[in-house]
Amino acid sequence: MIRSKKLTSGLLAGSLVFVSLYALNTFLSPTVSGSVHVSAGNTGRNLEYVREVLASSEAPASTAAAVPEASLQQLLGCVDGVATARYGQRGEFWVLYNYVRAERQPGCADSVTYTTHGDHTFLDNLVPLLKRWQGPVAMSVFAPGADWTPALAAIQHVRHCGPSAHLVRQHVTFHFYFPAKHVPKTVPRPAVDGFSHLPKANCSLSLEQAAGLGQVSYKSTHKILYPVNVGRNVAREEALTHFVLASDVELYPNPGVIPDFLGMVHGHLLQQQKANVTKKPSPPKVYPLSIFEVKENSSMPQNKTQLAAMLASKDAVPFHKHVCPNCHNVPKAAEWMALKQSEGLHVFHVGQRTGRFLHWEPIYIGTKQEPPYDERLSWEGMSDKMTQVIILCKYLKDEIFETTRS
């Protein structure tokens, strides 16, 4: 995670601003008329993802009643959960799980949870993220000692101040964690309603003022390392959905990811059911995302066509091209980029982390069953995701990643 001055479109990385994750190597255009995206009217436990992948134009006549199509939840075999506030010790850290809960609690197959981490200086990313993601977010907030107060103030500000604050209230669940040696002076016990224990938001202040940006943090004063992987694991473990996207909060997925991804998976599982192959264990797989940076004053691309134009004009480049190009070099990236945008998600290529992709550190949609991140590693030490990826390679038995095209 790199932190710089606040920008409306993302993070400063040299002369470029890092902007967006493009799910499953595909770009969608859900902003056009007639498109489908997750919104207040179609999220939650009653969300249905209809994919007529098995429909036949001429069904044989039969007096028997039609067999209902299996739901995604039935095919996944997942169970709905409930977010409950509790605390626990995790190594040398105390964790307050579900301390601030989202108003909407999705069922296990209703959505994909974006799981992330940060401290109070990163909360300005939530609104631009949610405008594109439109789904559940689980965020672990590192708040040692006196950083607790500005962290709570900043969270309440993004939840209650501004025209898009409802997105944060509806979708984001916050967990807190801090070292046992740096416990905040006062930590209110979570209220039964999940909200009344929180301080009132002061919307007369800007978010920067509420978060105390520009002031030296307790973390910096006491030279505390940032335990990034503790935050990653907590957020992922507490997600209520079967599928999760473990990411850094400055990465903004392209619009329309959730319904199209779930529709694709549902369609694949229905096809397997029809072919009677569900008895055979499915090879483990994850779905990596391509990442790009755009110039500071450029708008974020909404679809693959816009991205291609920005790459051609040098207004966008692959993520970390000038820092660590091999870290985010996706297999068959050029071939995928050459394909024109179309509708839906389809498998484009099965990639493996071998050869010149040996140092690839993919960000991907997976499940909570993937190996955890090594909590001994800190952000400052770098390579904080490398051990997880190495374990993942063995776990996935050479069927590591699937990429798809739009």
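A residue counts as buried when its relative accessible area is under 20%, and this cut-off will return at several stops of the tour. Keep in mind from the start that the model is predicted.

**The whole chain**

Begin with everything shown as a cartoon, where 11 helices and 14 strands can be picked out. Of the 406 residues in the chain, 54% are buried, while the surface that the chain exposes comes to about 19,000 Å², with carbon and sulfur atoms supplying 54% of that area. If you consider the contacts between residues at least 6 apart in sequence, 82% of them join residues at least 24 apart.

Now colour the chain by pLDDT, which averages 76, with 69% of the residues scoring at least 70. Select residues 1-63, where the pLDDT is below 50, although this stretch has 189 contacts in the model beyond near neighbours in sequence. Residues 378-386 also have a pLDDT below 50, and for this stretch the model shows 27 contacts beyond near neighbours in sequence. Where pLDDT is low, the predicted coordinates should not be read in detail.

**A buried asparagine in β4**

Select N98, which is found in strand β4. Is N98 buried or exposed? Its relative accessibility is 1%, so with the cut-off of under 20% in mind N98 counts as buried. Look at its backbone as well, since N98 has a positive phi of about 55° although it is not a glycine. Most residues other than glycine have a negative phi.

**Helix α2 and the residue that follows**

Move on to helix α2, residues 126-133, which is mostly covered, six of its eight residues being buried. Which residues of α2 are the buried ones? They are L126, P128, L129, L130, R132 and W133. Just after α2 comes Q134, which takes a positive phi of about 55° and lies in the loop between α2 and β6 (137-142). Because its relative accessibility is 17%, Q134 counts as buried.

From here, select S164 in the loop between α3 and α4, which touches V127 and K131 when residues up to four places away in sequence are not counted. S164 has a relative accessible area of 12% and is therefore buried.

**The nonpolar cores**

Next, show side chains for L126, W133, F174, F176, F261 and I365, the residues that touch the most other members of the largest nonpolar core, which has 54 residues. Helix α8, residues 257-274, gives this core its largest share, namely seven residues. Another core, of 11 residues, lies apart from it and has V95, F142, Y177 and I224 among its members. In soluble globular proteins, nonpolar side chains tend to be buried together.

**Strand β8 and its partners**

Select strand β8, residues 243-246, and turn the view so that you can see both of its faces, which are covered: F243 and L245 are buried on one side, and V244 and A246 are buried on the other. With β5 this strand pairs in the parallel sense over four bridges, and T115 stands opposite A246 in β8. With strand β13, residues 363-367, the pairing of β8 is antiparallel and runs over three bridges; here V244 stands opposite G366 in β13.

**The two disulfides**

Finish by selecting the cysteines, for the structure holds two disulfides. A disulfide is a covalent bond between the sulfur atoms of two cysteines.

One of them joins C78 to C108, with an S to S distance of 2.1 Å. The torsion about this S-S bond of C78 and C108 is about 75°, so the disulfide is right-handed. The pair links distant parts of the chain, 30 residues apart, with C78 in the loop between α1 (72-76) and β3 (86-90) and C108 in the loop between β4 (93-100) and β5 (112-118). Both C78 and C108 are buried.

C161 and C203 also form a disulfide, their sulfur atoms lying 1.9 Å apart. For C161 and C203 the torsion about the S-S bond is about -85°, which means that the disulfide is left-handed. This pair, 42 residues apart, likewise links distant parts of the chain: C161 is in the loop between α3 (148-160) and α4 (165-171), and C203 is in the loop between β7 (172-179) and α5 (207-210). With a relative accessible area of 12%, C161 is buried, whereas C203, at 45%, is partly exposed.

Technical notes:
Residues numbered from 1 in each chain as written. Predicted model: local features only at pLDDT ≥ 70, side-chain atom pairs only at ≥ 80, totals over all residues. Heavy atoms only, no water. Core = buried A, V, L, I, M, F, W, Y, C linked by side-chain atoms within 4.5 Å. Buried < 20%, exposed > 50% of the residue type's maximum accessible area, 1.4 Å probe, protein only. Helix = DSSP H or I, 4+ residues; strand = E, 2+ residues; numbered from the N terminus. pLDDT = per-residue confidence, 0-100. Contact = heavy atoms within 4.5 Å. Disulfide = S-S within 2.5 Å. Areas by Shrake-Rupley, 256 points an atom, 1.4 Å probe, with all protein chains shown as cover. Pairing = 2+ DSSP bridges.
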